[in-house]
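Notebook open, viewer open. I want to look up how the helices sit against the sheet, then check a couple of single residues.

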Amino acid sequence: MSARTDAGAVRAVNEDAVLARDPVFVVADGMGGHARGDLASSTAVSVLAERIPAGAGVTPNDVLDAIAAANDAVRGLSTADAAGIAVAGTTLSGIVAVNGSDAGTRYWMIVNIGDSRVYSWDGARLTQLSVDHSAVQELIDAGVISAHEAGGHPERNVITRALGAADDVDVDVWMLPAGGEQTFLICSDGLSKELADSEIAELLRQTPHDERLADVLTDAAIAAGGRDNITAVVVSSWPVVGEAERDTVERPDHRPYLEDTRPRV
């Protein structure tokens, strides 16, 4: 496992925060232009660290309860001024190793709110597992713009979901069976907006099983401009006994994981 968070080459304050310890690996990106973005991201990961115990024994409901508690804590950071209510907010994306309902079965629980990302890497192919909650992603889904056009769109920094934005948190969840060799990249948009998926894949290909991978990726994003805060976490998982079919947690408006629809490199 390797992890790094950096302010980047332009911004003075790092509004990203990271939690990377078994069984939870998450990235939070405080919302720029909103009140206390750096405190929002650090508060979110602190609540998850407190609520999700180290080691085995974590259930999907434990994770959902922890995210709800983090949402409440971030909501509590909102302040009122002469202009009205200033909302503190943050993205939250990552993976948590959880127990399945069958004894001996474990899953990677992928969670996402906002436009930080979770990727999988199999040594040859990079697959985006999460779906961006952003204005440009909605335009892409509607066929209004292409993925290539999204990078220069005036609304490219507008996200449509965030932790702390509402009383009830709306989080996307996917469950992937844990087993064999699995590698994941979790990152803030400071990485994914500076480096194309093809560039990320090439860096992963050049430095397999390297404990410096997060540094390699972050340094490349800084060299490409580093216009935003940058966070990268690379997790290689362990073999697990007990395989199961891919499943999803049932949630309102949940968008199921469909492998053949995710961008691949």
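Which strands does H1 lie across, and at about what angle to S2 does it run? I looked: H1 lies across S2, S3 and strand S6 (92-99), and it runs at about 20 degrees to S2. Note to self: this is a predicted model.

**The sheet**

Next I traced the strands under that helix. They belong to an open sheet of five strands, ordered S2-S3-S6-S7-S10, with antiparallel pairing. Its edges are S2 (16-21) and S10 (172-177), each of which pairs on one side only. Ignoring direction, neighbouring strands here are turned by 15 degrees against each other on average.

I then zoomed in on the S2 end. S2 and S3 (residues 24-29) pair in the antiparallel sense over six bridges. I picked out one of the bridge partners: Arg21 goes with Val24 in S3.

**Helix H2**

What does H2 lie across? I find H2 (residues 60-75) across S6, S7 (106-113) and S10, running at about 20 degrees to S7. I also checked its length: 16 residues reach 23 Å from first C-alpha to last, close to the 22 Å expected at 1.5 Å a residue.

Then I listed what is buried in H2: Val63, Leu64, Ala66, Ile67, Ala69, Ala70, Asn71 and Val74. The spacing made me recall that an α-helix has 3.6 residues a turn, so residues three or four places apart point the same way. The cover over the buried residues of H2 includes H1, S6, S7 and S10.

**Gly37**

Back to H1 for a single residue. Gly37 lies in this helix, which spans residues 37-51. Is Gly37 buried or exposed? Its relative accessibility is 1%, and the cut-off for buried is under 20%, so I log Gly37 as buried. Leaving out residues up to four places away in sequence, Gly37 touches Glu15, Gly30, Met31 and Gly89. I also took a C-alpha to C-alpha distance: Gly37 and Asn14 are 9.1 Å apart in space and 23 residues apart in sequence.

**His133**

Where is His133? I found it in the loop between strand S9 (126-128) and helix H3 (135-141). His133 counts as buried because its relative accessibility is 5%. Its side chain makes a polar contact of 3.5 Å with the side chain of Arg161. Beyond four places in sequence, I get contacts from His133 to Asn112, Ile113, Gly114, Asp115, Ile159, Thr160, Arg161 and Asp172.

Notes: Residues numbered from 1 in each chain as written. Predicted model: local features only at pLDDT ≥ 70, side-chain atom pairs only at ≥ 80, totals over all residues. Heavy atoms only, no water. Helix = DSSP H or I, 4+ residues; strand = E, 2+ residues; numbered from the N terminus. Buried < 20%, exposed > 50% of the residue type's maximum accessible area, 1.4 Å probe, protein only. Polar contact = N/O pair within 3.5 Å; in protein donor to acceptor, adjacent residues only side chain to side chain. Contact = heavy atoms within 4.5 Å. Pairing = 2+ DSSP bridges. Axes fitted to C-alpha atoms, helices over the stretch in contact; angles between N-to-C directions. Expected span 1.5 Å × (residues − 1).
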